[in-house]
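Me: I am new to this structure and would like a close look at a single part of it. Please start from one residue and then work outward to the elements around that part.

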Amino acid sequence: MGRPTTKRANILLTAGAALLIVGVAVAASVGRSDDKDDAEPTVPVVVARADIDAGALGDDLVSAGKVGIDQVPESEAPPDALSSTASLTGVIVTAAVEKGDDVTTEDVGPSTLRAGSITIPKGKQAVAITVDTTAGGGGYAGAGDHVDLFAVIQPDAPGAPVSPMTKLLLSDIEVLDVSNEIAPRRAATTSEETPTTAPAPRSTDGQITLLLALTPAQAEQAIFAASFNRVWVTVLPKDAPASSTDGVTYDQGYVGAGK
């Protein structure tokens, strides 16, 4: 048999090259398909688009475009990351968040403005006093409790009839709300239901703010005492009667009065 002509050889080379190209294309397509199948699923997370200061309202951040949604690999998303900007509705940022960081459940908390959740009794005013945690009942006072307020007049206080002195100032005062509450917050219940609690850490560090229901005259007394003296709060048992005392000084009741 004679040698193939040049034309026939060219045809064979062309056919071989075409088969090679098809094979490479098929292999690449299979590789892309495998990569797609192996790709890790992504999940949405809320990300700060700008530096966020503690105290910012979640609704303001959303409307101002300071937060947005990013799709990240599931393995890289923090387990406590917010997944929707709707999660920022009605909350306040409790810890600063830097631009580009995920916003997590630990970074936000209920808005401290809870006027819609409290009811001020008729004839009363809501008055906030801030005291040391220990003086504020150690964190055991909660919304709905009743407390007594004591004024501690320091030695040589100008204008005081007797100083130093500790005297019951106001008795059987309703607590409307507590900020930085350390005791477990009770769930909303009716008067016939038993309040429920959830565990919470307890500390005597820092300060605590109690929102009290006071008449205008009582408000004057509480504001004066909180401004010029030291105020202590004691928590009353349920349905306890109003208290009455004579006060304590070095000359009166300081020794032996508790017998």
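Reply: A good starting point is Asp156, which counts as exposed because its relative accessibility is 71%, where exposed means over 50%. The model is a predicted one, so what follows describes computed coordinates. Asp156 is found in the loop between S6 and S7, and although Asp156 is not a glycine, it has a positive phi of about 60 degrees. Most residues other than glycine have a negative phi, and most peptide bonds are trans. That loop between S6 and S7 also holds Pro164, and the peptide bond leading from Ser163 to Pro164 is cis, with omega near 0 degrees.

The two strands that this loop joins belong to an open sheet of 5 strands, whose order is S5-S8-S7-S6-S9 and whose pairing is antiparallel. At the edges stand strand S5 (125-132) and strand S9 (230-235), each of which pairs on one side only. On average, and with direction ignored, neighbouring strands of this sheet are turned by 45 degrees against each other.

Within the sheet, S8 deserves a longer look. Strand S7, residues 165-179, pairs with strand S8, residues 207-214, in the antiparallel sense over 5 bridges; in this pairing Asp177 stands opposite Leu211, while Val178 has Leu210 as its bridge partner. S5 also pairs with S8 in the antiparallel sense, here over 8 bridges, and Val127 stands opposite Leu212 of S8. Strands of a sheet pair through backbone hydrogen bonds, either parallel or antiparallel. S8 is largely enclosed by the rest of the structure, because 6 of its 8 residues are buried.

Across the sheet lies helix H3 (residues 216-228), which crosses S5, strand S6 (146-153), S7, S8 and S9 and runs at about 110 degrees to S7. One residue of helix H3 is Gln218, and a polar atom of the Gln218 side chain lies 3.0 Å from the backbone nitrogen of Thr215. Not counting residues up to four places away in sequence, Gln218 touches Leu170, Ile173 and Ala213; of the strands already described, S7 spans residues 165-179 and S8 spans residues 207-214.

In the segment after S9 lies Asp239, which, like Asp156, is not a glycine and has a positive phi of about 60 degrees. Asp239 is exposed, since its relative accessible area is 71%. A contrast to these two residues is offered by Asp107, which counts as buried because its relative accessibility is 14%. Asp107 has its place in the loop between strand S3 (91-93) and strand S4 (108-110), and, leaving aside neighbours within four places in sequence, Asp107 is in contact with Ile92, Val93, Thr94, Ala95, Val97 and Asp102.

Finally, a word on confidence is needed. The protein chain has a mean pLDDT of 79, with 71% of its residues reaching 70 or more. Confidence is highest in H3, at 95, and lowest in helix H1 (residues 6-38), at a mean of 58. Over residues 181-203 the pLDDT stays under 50, and for this stretch the model has 36 contacts beyond four places in sequence. Where pLDDT is low, the predicted coordinates should not be read in detail.

Definitions and conventions. Residues numbered from 1 in each chain as written. Predicted model: local features only at pLDDT ≥ 70, side-chain atom pairs only at ≥ 80, totals over all residues. Heavy atoms only, no water. Pairing = 2+ DSSP bridges. Helix = DSSP H or I, 4+ residues; strand = E, 2+ residues; numbered from the N terminus. Axes fitted to C-alpha atoms, helices over the stretch in contact; angles between N-to-C directions. Contact = heavy atoms within 4.5 Å. pLDDT = per-residue confidence, 0-100. Buried < 20%, exposed > 50% of the residue type's maximum accessible area, 1.4 Å probe, protein only. Polar contact = N/O pair within 3.5 Å; in protein donor to acceptor, adjacent residues only side chain to side chain.
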